[in-house]
Amino acid sequence: MPLLAVALLALLLSGCGSWGWGRRSAGPVGWGSADRQDPALSGNGRVLASVVRRDGRDTVLLQEQPSGTVLPLRHLQRLQPHRSPSLSWNGRYLALLVQEGPDRRVVIEDRATGRLHRLPLPGGLRPDSLSLAPDGRRIAIATEGDGRSRVQLYDLTSLLEPDLPAGLAVRGTPGDAP
């Protein structure tokens, strides 16, 4: 085998771990080897949300990637347990389900403004899981009620500003002033 081919093969094999599957980001800071579930990654891949068990309750853990730095959440400590997290493109919005007494609720924390938005659902429907659109303009919520399961889409444009990739212009509706 020619020397160049051997060198190329050695380079490829030594870099396999950095090409994807073998590569791992930093683990959680201060959370040891906590069991994790319901992972959600922001559209740009820089924020990871997952549900971990803490003090006997499921709580959402938000981390910057790849450092593993834990990011603060202002409102969610008193609303537990958590499940089904979903993040917008830059991780500005975190949508999830929280338990408030006997009721499960859909909430969205705006990490930029510190506001917590509660989304009311039509009577008798219980949210089971959700998925926030990357731009934060819509949310899909799987619900149970009246013996049926369904998925409903909700428009959030009047509630949330778009969370778009850097450099992407926000487009107005026709007739908006330039």
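Asp 135 comes out as partly exposed, because its relative accessible area is 22% and the partly exposed class runs from 20% to 50%. Its salt-bridge partner is Arg 137, with the closest N and O atoms 3.8 Å apart. Arg 137 is partly exposed as well, at 25% relative accessibility. Bear in mind as you look around that this is a predicted model.

That pair is one piece of a longer list: a search of the whole structure turns up nine salt bridges. Some of them share partners, and in this way Glu 100, Asp 103, Arg 105 and Arg 118 are joined into one network. Pick out Glu 100 and Arg 105 in that group, and you'll find their closest N and O atoms 3.1 Å apart. Glu 100 has a relative accessible area of 22%, which makes it partly exposed, and Arg 105 is partly exposed too, with 36%.

Now turn to Asp 128 and Arg 104, whose side chains meet in a salt bridge of 3.8 Å, N to O. Asp 128 sits in strand S8 and Arg 104 in strand S6, so this pair ties together parts that are 24 residues apart in sequence. How accessible are the two ends? Asp 128 is partly exposed at 25%, while Arg 104, with a relative accessible area of 15%, is buried.

Strand S6 is a good way into the sheets. It belongs to an open sheet of four strands, in the order S4-S5-S6-S7, with antiparallel pairing. At the edges you'll see S4 (82-87) and S7 (116-119), each pairing on one side only. On average, neighbouring strands here are turned by 25° against each other, ignoring direction. If you follow S6 (residues 103-110) across to S7, four bridges join these antiparallel strands. Across that pairing, Val 107 stands opposite Arg 118 in S7, and Arg 118 is also one of the residues in the salt-bridge network.

Earlier in the chain there's another open sheet, this one of three strands in the order S1-S2-S3, again with antiparallel pairing. S1 (36-41) and S3 (57-64) each have a single partner strand, so one side of each is left without a neighbour in the sheet. Neighbouring strands are turned by 25° against each other on average, direction ignored. S1 is joined to S2 (residues 47-54) by four bridges, and Gln 37 stands opposite Val 51 in S2.

The loops have a few details to look for. Between S2 and S3 lies Asp 55, which has a positive phi near 55° although it isn't glycine. At 74% relative accessibility, Asp 55 is exposed. Asp 146, in the loop between strand S9 (138-145) and strand S10 (148-155), likewise has a positive phi near 55°. It is exposed, with a relative accessible area of 69%. The loop between S3 and S4 holds Pro 66 and Pro 81. The peptide bond from Gln 65 to Pro 66 is cis, with omega near 10°, and a cis bond also joins Gln 80 and Pro 81, where omega is about 5°.

What about the inside? In soluble globular proteins, nonpolar side chains tend to be buried together. Here, the largest nonpolar core has 15 residues, of which Ala 49, Val 60, Leu 62, Leu 76, Leu 94 and Leu 96 touch the most other members. S2, S3 and strand S5 (93-100) are the elements that give two or more residues to this core, and S5 supplies the largest share, three residues. Take Leu 62 as an example: beyond its neighbours within four places in sequence, its contacts include Val 47, Ala 49, Val 70, Leu 87 and Arg 111. There is also a second, separate core of twelve residues, with Leu 130, Leu 132, Ile 139 and Leu 160 among them.

Finally, how confident is the prediction? The chain's mean pLDDT is 80, and 74% of its residues reach 70 or more. Confidence is highest in strand S8 (residues 126-132), at a mean of 96, and lowest in helix H1 (residues 3-14), at 44. Over residues 4-22 the pLDDT is below 50, and this stretch has five contacts in the model beyond near neighbours in sequence. Residues 173-178 also stay under 50, with zero contacts beyond four places in sequence. Where pLDDT is low, the predicted coordinates should not be read in detail.

Conventions. Residues are numbered from 1 along each chain as its sequence is written. Side-chain values use heavy atoms; hydrogens and water are left out. Two strands pair if DSSP finds at least two bridges between them. Axes are lines fitted to C-alpha atoms, for helices over the stretch in contact, and angles run from 0 to 180 degrees between N-to-C directions. Buried means under 20% relative accessible area, exposed over 50%, partly exposed in between (1.4 Å probe, protein chains only). A nonpolar core is a set of buried Ala, Val, Leu, Ile, Met, Phe, Trp, Tyr and Cys residues joined through side-chain atoms within 4.5 Å. Contact means heavy atoms within 4.5 Å. pLDDT is the predictor's confidence in each residue, from 0 to 100. A salt bridge is a side-chain nitrogen of Lys or Arg within 4 Å of a carboxyl oxygen of Asp or Glu.
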